[in-house]
Protein chains: 2
Amino acid sequence: VTNGAIASDVWEVMSTCRAIRRFRADPVPTEILHRCLEAATWAASGGNQQPWKFVVISGPEARAAMAVGARKALESIEVVYKMTRPAADDDSPRARNNRAVYALHDQGRDVPAAVLFCVRDLPSTPELLAGGSVYPSMQNFMLAARAQGLGAVATGWQTAGEPEIRAAMGIPDEYHLMGLVIVGWPEGHFGPLRRKPIEQCTVVDHWDRPLVREG
Amino acid sequence: VTNGAIASDVWEVMSTCRAIRRFRADPVPTEILHRCLEAATWAASGGNQQPWKFVVISGPEARAAMAVGARKALESIEVVYKMTRPAADDDSPRARNNRAVYALHDQGRDVPAAVLFCVRDLPSTPELLAGGSVYPSMQNFMLAARAQGLGAVATGWQTAGEPEIRAAMGIPDEYHLMGLVIVGWPEGHFGPLRRKPIEQCTVVDHWDRPLVREG
């Protein structure tokens, strides 16, 4: 596995597509971003209605609104995850992870590239299921970024800064703001995924019957 | 592009991963299903909490509950999409698509394999965003299925048959039912995707500025 490099094998791409929060300053070429967007459109959606809308965040007004979301999101994260800025000499895994979270949010408006994922409100779809017609496209976007050697992370900045973002980007009320993905060339490498094995999150037929793998 | 066959190129997999609703009777080997589940766990989730739970639907009680969902979902679909069973001699694209929808729902409990995707309710996550921590994993599952030559389709059967499914599978109240994926060896080939180009679903900085591609 060649972390951080271009990859085309679907298993390698999926299994090394981890959140990247530190980016080099180099810009993301337009045609590379467009390939990510095209991959996003390949996802399925309810009744193939393709109710998604993607906002590429590029200019100063849109970036300023995004930065408001970043600042407010960081305040929430500090509360929810009881997180504080790690001491400079703390090299624990948690400190390194937290340092990357602060680095991302401090960068705010100056991230290399960003795309806001929206979805149209559909009367026949309960709010809980609205994401079913946009998060698969966001995942395709992340995988296409990884395949091209880009790092990406999905944030909640669009919710933290919703009023400012709606106003600056002119987003109509009938669209929900679902995710804001930051993308850029990774500083460092992709690193390993940390995930529980399928036995811990899969049951067969009933909640009381965890999956057992032979061999 | 070798539709219907095994594929490992991520671009081929993503761009040919369309909804499959007609399956051969052959069973889905356990190890192939497990690879799909493992790919599902590679997805990101908020704070890497991995709040997903997958229910493999296999035995008669679980399948009977699923079939209730299939029957009720079909009733909803007929209303929402004003769909009726196509005449036997109607070979229009719409008739062929609708015929596949009926074939899927009529199969009900006898589909080759099925997995229910659930997500734990998290107090810090609004209901609208709950899917952000499970639909990316469902998309990875679909792509891993496609890569192995399996066809799959995400249904809303879990919502249509929610009381019966919760009861039969013992699903706790703090878990949301988010999607029910049917999977099996495709009858026929994968066929082309029908999607709008990115210019029709992407704006730059503001809703009034559609993406323009040079060249």
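# Notebook: cysteines, loops and a helix pair

**Entry 1, Cys118(A).** I began with the surroundings of Cys118(A) and, leaving aside neighbours within four places in sequence, I found it in contact with Pro51(A), Trp52(A), Lys53(A), Val55(A), Val134(A), Ile171(A), Tyr175(A), His176(A), Leu177(A), Met178(A) and, from chain B, Trp207(B). I note here that I am reading a predicted model. Cys118(A) has its place in strand 2 of chain A, which covers residues 113–120. I then asked myself whether Cys118(A) is buried or exposed. Its relative accessibility is 0%, and therefore Cys118(A) counts as buried. I also looked up one long separation: Pro86(A) is 32 residues from Cys118(A) in sequence, and their C-alpha atoms are 34 Å apart in space.

**Entry 2, disulfides.** How many disulfides are there over all chains? I get a count of zero, taking a pair of cysteine sulfur atoms within 2.5 Å as the rule. Cys118(A) is accordingly in no disulfide, and the cysteine sulfur nearest to its own, which belongs to Cys201(B), is 11 Å away. For Cys201(A), also in no disulfide, the nearest cysteine sulfur is that of Cys118(B), at 11 Å. Cys201(A) has a relative accessible area of 4%, so I record it as buried.

**Entry 3, Thr41(A).** I went next to helix 2 of chain A, where Thr41(A) lies. With 3% relative accessibility, Thr41(A) falls under the 20% limit and so counts as buried. A polar atom of the Thr41(A) side chain lies 2.7 Å from the backbone oxygen of Glu38(A). Which residues does Thr41(A) touch, if those up to four places away in sequence are not counted? I list Trp52(A) and Phe54(A) from chain A, together with Arg195(B), Lys196(B), Ile198(B) and Cys201(B) from chain B.

**Entry 4, Thr16(A).** Thr16(A) sits in the loop between helix 1 (10–15) and helix 2 (30–41) of chain A. Because its relative accessibility is 5%, I enter Thr16(A) as buried. Its side chain makes a polar contact of 2.8 Å with the side chain of Arg146(A).

**Entry 5, positive phi.** I looked here at two backbone angles, bearing in mind that most residues other than glycine have a negative phi. Gln50(A), which is not a glycine, has a positive phi of about 50 degrees. I placed Gln50(A) in the loop between helix 2 and strand 1 (52–57) of chain A, and its relative accessibility of 8% means that Gln50(A) counts as buried. Asp205(A) also has a positive phi, near 70 degrees, and is likewise a residue other than glycine. Where is Asp205(A) placed in chain A? I find Asp205(A) in the segment after strand 5 (202–204), and I note that Asp205(A) is buried, with a relative accessible area of 10%.

**Entry 6, Glu199(B).** Turning to chain B, I found Glu199(B) in the loop between strand 4 (175–184) and strand 5 (202–204). Its relative accessibility is 27%, which lies between the 20% and 50% limits, so Glu199(B) counts as partly exposed. Not counting residues up to four places away in sequence, Glu199(B) touches Pro210(B), Leu211(B) and Arg213(B). With Arg213(B) I also record a polar contact of 2.9 Å, which joins the two side chains. As for a separation, Glu199(B) and Leu116(B) are 83 residues apart in sequence and 34 Å apart from C-alpha to C-alpha.

**Entry 7, Pro126(B).** Pro126(B) is in the loop between strand 2 (113–120) and helix 5 of chain B. At 40% relative accessibility, Pro126(B) counts as partly exposed. Between Pro126(B) and Ala7(B) I read 119 residues in sequence and 37 Å in space, C-alpha to C-alpha.

**Entry 8, a helix pair in chain B.** Lastly I looked up how helix 2 (residues 30–41) and helix 5 (residues 135–147) of chain B meet: their axes come within 7 Å and cross at roughly 145 degrees. The crossing of helix 2 and helix 5 of chain B is right-handed. From helix 2 of chain B, Leu33(B), Arg35(B), Cys36(B), Leu37(B), Ala39(B) and Ala40(B) take part, and they meet Ser137(B), Asn140(B), Phe141(B), Ala144(B) and Ala145(B) in helix 5 of chain B. I sorted the residues of this contact by type, and they divide into eight nonpolar, two polar and one charged.

How values were computed
Residues numbered from 1 in each chain as written. Chains lettered and ligands numbered in written order. Predicted model: local features only at pLDDT ≥ 70, side-chain atom pairs only at ≥ 80, totals over all residues. Heavy atoms only, no water. Axes fitted to C-alpha atoms, helices over the stretch in contact; angles between N-to-C directions. Helix = DSSP H or I, 4+ residues; strand = E, 2+ residues; numbered from the N terminus. Left-handed = near helix turned anticlockwise from the far one by under 90°. Contact = heavy atoms within 4.5 Å. Nonpolar A, V, L, I, M, F, W, Y, C, P; charged D, E, K, R; others polar. Buried < 20%, exposed > 50% of the residue type's maximum accessible area, 1.4 Å probe, protein only. Polar contact = N/O pair within 3.5 Å; in protein donor to acceptor, adjacent residues only side chain to side chain.
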